[in-house]
2 protein chains.
Amino acid sequence: MKNIDTEWSDFTRFEDNENNNFPADLKYSYKTYLKNEIIFRQGNLCDALYILVSGSVKTEMITETGNLMGIEIIKAPRPLAPAFLFSDNNRFPVEVTTLEVSEILQIPKEEVIRLMGVQPNFMRQFLVHNANRTQFLTNRLQMLSIKTIKGKIAHFLLEQYNEYGKTFQINRNQTELAEFFGVARPSLARSLSEMVQDEIIFINKKEYTILNKDYLKSLLV
Amino acid sequence: MKNIDTEWSDFTRFEDNENNNFPADLKYSYKTYLKNEIIFRQGNLCDALYILVSGSVKTEMITETGNLMGIEIIKAPRPLAPAFLFSDNNRFPVEVTTLEVSEILQIPKEEVIRLMGVQPNFMRQFLVHNANRTQFLTNRLQMLSIKTIKGKIAHFLLEQYNEYGKTFQINRNQTELAEFFGVARPSLARSLSEMVQDEIIFINKKEYTILNKDYLKSLLV
DNA sequence: TTTGATGTGTAACTTATGTTACACTTAAAT
DNA sequence: ATTTAAGTGTAACATAAGTTACACATCAAA
């Protein structure tokens, strides 16, 4: 699974260039929050682009690393829920709370739009980020809509196969994998060992080898 | 469940104004496809914005899962997978096939970017659409990551509650609801009747009434 | 009003997965 | 080298959901 955190930092890169390319009259503001302060409540209107420039916050939602609903910790620099800025129902779906003293840069929606007109790179980053996010969600949705554990495993392994070939490393332990799939750890272990037993896959520590690709494909239905 | 088709037509509105506001030198092309022609194969590069301007197409998740993400029929006017145009891995995730003679307008990626600079409304529509799409996916993902049937029902009913109050109509029959939740029909019926038994909800034909909202909320965990 | 199609309720049974618990292994820390 | 923590395998059992099957209800068409 790809870590999509990298694009987030790309996305906020524009801040570094502020002195150079940005409209001098751009409206924005910084706000500092204390530890354990609630920044957004669920249902709050999201009428600006909020970028966490320092500190860290926690929120509950689907995590960027792909784990199912739980508490996600967001470290600066990263925008907060930029996907909701332009949606028709632009309200925060979750509560956001600081974990330490944190600073948030806020750019009003209309200014964001203006900025995009002036700064094609900023626009591009925004578009790319949201596109990646959509793709990520689509992929997760596919994975979750497979109902059997072996099916989920197959989906995941075939993805790796497409990227790396029939042998690859998985840098997650069973517990993390189980969380990723949204299943119980012993259940995952059972399915995995059955698949090894049946010679569908071979596992040595964190190295996985696909022995029967066609069978894996048949599990996706 | 909200119908998100409406935004799609908004999004393509720019076509109507072509003569007025669009750069005269905008590069674009039209292509006509016969019935049952494959327009895109899974994995095809998506390097342009494709808008279905007449006709209709169907898409299938080739790899996965029956009911849940099954076959979608798309009628003109609507763009095809615009979310993928800007993603890092910009390949079509699905196969797209015409259902009748159909016409597709194609605007190269770079031209789309230029267009956005010139036409703030176009950009806005694009942003709004993708934001709504993300929200839709997020919501769907939330629903799917609830593991019990009663939990899924609760999630769905509470959504209706927030929009319409404690009594509302559901214009789907049990079979459709079961497909929507990705569960078996008799299992859904069993859960529903238990919830009625326990006086959590009341059902009369397609009219649902929420009797114990707090209990429904407790099912979401 | 009869017929057929579509939808609903529900029972008996099967199956996959979750739960809990514990022994064993490996890696890390002292 | 010894101790500790983290990770893995797996067994026994509980439970939710799937499967199949069928009776009954509703509604529209003939």
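# A guided tour: two protein chains and two DNA strands

Select Arg190(A) and DNA strand C to begin: in this predicted model, a polar side-chain atom of Arg190(A) lies 3.0 Å from a base nitrogen of the strand. This is a polar contact, that is, a pair of N or O atoms within 3.5 Å; within protein, one must be able to donate a hydrogen and the other to accept it, and residues adjacent in sequence count only if both atoms are side-chain atoms.

Residues are numbered from 1 along each chain as its sequence is written, while chains are lettered from A and ligands numbered from 1 in the order in which they are written. Local features need pLDDT of at least 70 and side-chain atom pairs count only at pLDDT 80 or more, whereas totals for chains, interfaces and linings use all residues; side-chain values use heavy atoms, with hydrogens and water left out.

**DNA strand C**

Next, select the residues near DNA strand C, where near requires a heavy atom within 4 Å. There are 15 residues around this strand, and the closest are Thr148(A), Ile149(A), Ser187(A), Asn173(B) and Gln174(B). Zoom in on Ile149(A): a polar backbone atom of this residue is 2.8 Å from a phosphate oxygen of DNA strand C. From the other chain, Gln174(B) places a polar side-chain atom 2.6 Å from a phosphate oxygen of the strand. Of the strand atoms within 4 Å of the protein, 61% belong to sugar or phosphate and the rest to bases.

Now display the helices (DSSP runs of H or I, at least four residues; strands are runs of E, at least two, and both are numbered from the N terminus). The α7 helices of chain A and chain B each supply at least two residues of the surface near DNA strand C, and the largest share, four residues, comes from α7(B).

**DNA strand D**

Move to DNA strand D, which has 14 residues around it; Asn173(A), Gln174(A), Thr148(B), Ile149(B) and Ser187(B) come nearest. Select Arg185(A), whose side chain has a polar atom 3.0 Å from a base oxygen of this strand. On the phosphate side, Ser187(B) has a polar side-chain atom 2.8 Å from a phosphate oxygen, and a backbone N or O atom of Ala184(B) lies 3.2 Å from a phosphate oxygen. Sugar or phosphate accounts for 58% of the strand D atoms within 4 Å of the protein. Here α7(A) gives the largest share of the nearby surface, four residues; in each chain, α7 spans 185–197.

**The two copies**

Superpose chain B on chain A by least squares on the C-alpha atoms of residues with pLDDT of at least 70 in both. The operation is a rotation of 179° with 0.1 Å of shift along its axis, at an RMSD of 0.4 Å. The two copies are therefore related as by a two-fold rotation axis. Select Gly117(B) to find the axis: in chain B its C-alpha is the nearest, at 2.5 Å. Both copies use the same surface, since 86% of the contact residues of chain B recur in chain A, contact meaning heavy atoms within 4.5 Å.

**Strand β3 of chain A**

Finally, select residues 48–54 of chain A, strand β3. Five of its seven residues are buried, so the strand is largely enclosed by the rest of the structure; buried means under 20% relative accessible area (1.4 Å probe, protein chains only). Its antiparallel pairing with β8(A), residues 102–108, extends over six bridges, with Gln106(A) as the partner of Tyr50(A). Two bridges join β3(A) to the antiparallel β6(A), residues 78–79, where Arg78(A) partners Leu52(A). Pairing requires at least two DSSP bridges between the strands.

Terms used: Buried means under 20% relative accessible area, exposed over 50%, partly exposed in between (1.4 Å probe, protein chains only).
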